[in-house]
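Subject: Structure handover

Hello,

Here is the structure I promised you. Please open it and keep it on screen while you read.

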Amino acid sequence: MNDDQSLRRDMAMANRIVERFGLSNAYGHVSARIPGTSTFYIPTRRSPGLADEGNLLVIDTNGKILSGSGTPNSEFWIHARIYAARPDVNGICHAHPLACISLTQIGEPHRVVHNQGGAFADGVPVYERIGLIRSAELGDLVARRLGKGLAVMMLGHGITTANADVRSATIAACFLEESAGLQIRMLAAAGGDAKRIRAFTREEAELTRDQTGPSAAAAGRAWEYYAAVAECRPLGG
């Protein structure tokens with residue numbers, strides 16, 4: 001298998017992981033930059049759970065469809081404009097995980113409350129404009145809110161993660177939803193009193209980020225697990 005085939009396979013698997021693990025259902029999308037270019041692979045407009053490595057679109061950072069057949073996801077601008085702003089990014093995941101959405105809607109910032117949450121030691125900003133990202137201008141606003149970070153939450157909408165490759169961007173999305181879910185459970189157990197949550201210190205968060213974050217050596221183990229489960233778990237399961 002050549003490098004392009006491997007990238008296509010990873011990209012399709014990343015989309016299936018997002019759906020199989022409940023981060024999205026009929027909507028959401030993961031993309032991968034074609035190495036050394038300003039273009040990226042992204043699935044056609046359908047559930048990420050149905051992504052097909054043999055049917056991908058190639059789009060550039062200006063939003064031009066260069067190859068492939070079918071209609072792109074209407075929010076492909078998220079990917080296009082983050083790739084334009086971040087040459088260090090080679091994989092992007094946009095999903096709609098419910099715990100993350102819940103945090104934005106109750107006005108609670110993301111807090112690091114377990115090891116995998118340490119990936120977000122630098123914080124997770126919130127993009128506060130309601131609605132879909134269907135223009136280059138809105139894509140630029142999301143890219144600016146993301147900044148140099150790993151993730152941005154989107155008010156009442158979902159999340160976008162961006163990292164050095166498509167695998168680590170997908171793992172980051174899974175870790176962020178896991179972290180947000182724990183935070184919601186802790187808030188409930190604490191009667192809604194956020195002050196009772198024992199969040200990690202900055203030093204503790206950085207330590208766990210280096211040990212278990214999506215860019216650490218441990219990420220290969222996480223990808224192996226998510227991919228294996230996605231292969232076995234049925235659509236909608």
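In which helix does C232 lie? C232 is part of helix α7, which covers residues 219-232. Please keep in mind that this is a predicted model.

Is C232 buried or exposed? C232 has a relative accessibility of 69%. Exposed means over 50%, so C232 counts as exposed. Now find A162. In sequence, C232 and A162 are 70 residues apart. In space, 26 Å separates their C-alpha atoms.

Salt bridges

How many salt bridges does a search of the whole structure find? The search finds 12. Here are some to look up.

Start with R9 and E53. They form a salt bridge, and their closest N and O atoms are 3.8 Å apart. This pair links distant parts of the chain, 44 residues apart. R9 sits in helix α1 (residues 3-20), while E53 sits in the loop between β2 (39-43) and β3 (56-60). R9 is at 43% relative accessibility, so it counts as partly exposed. E53 has a relative accessible area of 27%, so E53 is partly exposed too.

Next, go to R20 and E19. Their closest N and O atoms are 2.9 Å apart, and the two form a salt bridge. Are R20 and E19 buried or exposed? Both are buried.

Then look at D140 and R81. This salt bridge has its closest N and O atoms 2.8 Å apart. It also links distant parts of the chain: D140 is in helix α4 (residues 136-146), R81 is in helix α2 (residues 76-85), and their positions lie 59 residues apart in the numbering. D140 counts as partly exposed because its relative accessibility is 23%. R81 has a relative accessible area of 17%. Buried means under 20%, so R81 is buried.

Last in this group is a network of salt bridges. It links D122, R202, E206, R209 and D210.

Helix α6

Which residues of helix α6 are buried? Helix α6 runs over residues 202-212, and its buried residues are A205, T208 and T212. Why do they sit on the same side of α6? They cover an arc of only 70° around the axis, which puts them on the same side. These buried residues pack against α5 (166-189). Now turn the helix around. The face of α6 turned away from its buried side carries the exposed residues E203 and D210. You have met D210 already, in the salt-bridge network.

Pockets

A word on how empty space is found. Rolling a probe the size of a water molecule over the atoms shows where empty space is left.

The largest pocket has a volume of about 320 Å³. It is lined by 22 residues, and A119, D122, G149, L150 and R209 are the closest to its centre. D122 and R209 also belong to the salt-bridge network. Strand β8 (158-163) and helix α6 each supply at least two residues of the lining. What classes of residue make up this lining? There are 11 nonpolar, five polar and six charged residues.

The second largest pocket holds about 200 Å³ of space. Its lining has 13 residues. Y27, G28, R45, N73 and S74 lie nearest its centre. By class, this lining divides into three nonpolar, six polar and four charged residues.

Best wishes

Technical notes. Residues are numbered from 1 along each chain as its sequence is written. This is a predicted model: local features need pLDDT of at least 70, side-chain atom pairs count only at pLDDT 80 or more; totals for chains, interfaces and linings use all residues. Side-chain values use heavy atoms; hydrogens and water are left out. Helices (H or I, at least four residues) and strands (E, at least two) are DSSP runs, numbered from the N terminus. Buried means under 20% relative accessible area, exposed over 50%, partly exposed in between (1.4 Å probe, protein chains only). A salt bridge is a side-chain nitrogen of Lys or Arg within 4 Å of a carboxyl oxygen of Asp or Glu. The arc is that of the directions from the helix axis to the C-beta atoms. Contact means heavy atoms within 4.5 Å. On a 1 Å grid over the protein atoms alone, a cavity is a set of points where a 1.4 Å probe fits but cannot get out, and a pocket is an open set with protein on both sides within 12 Å along at least five of seven lines; lining residues have an atom within 4 Å of a point. Grid points are joined across faces, edges and corners, and a volume is the space filled by probe spheres set on the points. Ala, Val, Leu, Ile, Met, Phe, Trp, Tyr, Cys and Pro count as nonpolar, Asp, Glu, Lys and Arg as charged, and the others, Gly among them, as polar.
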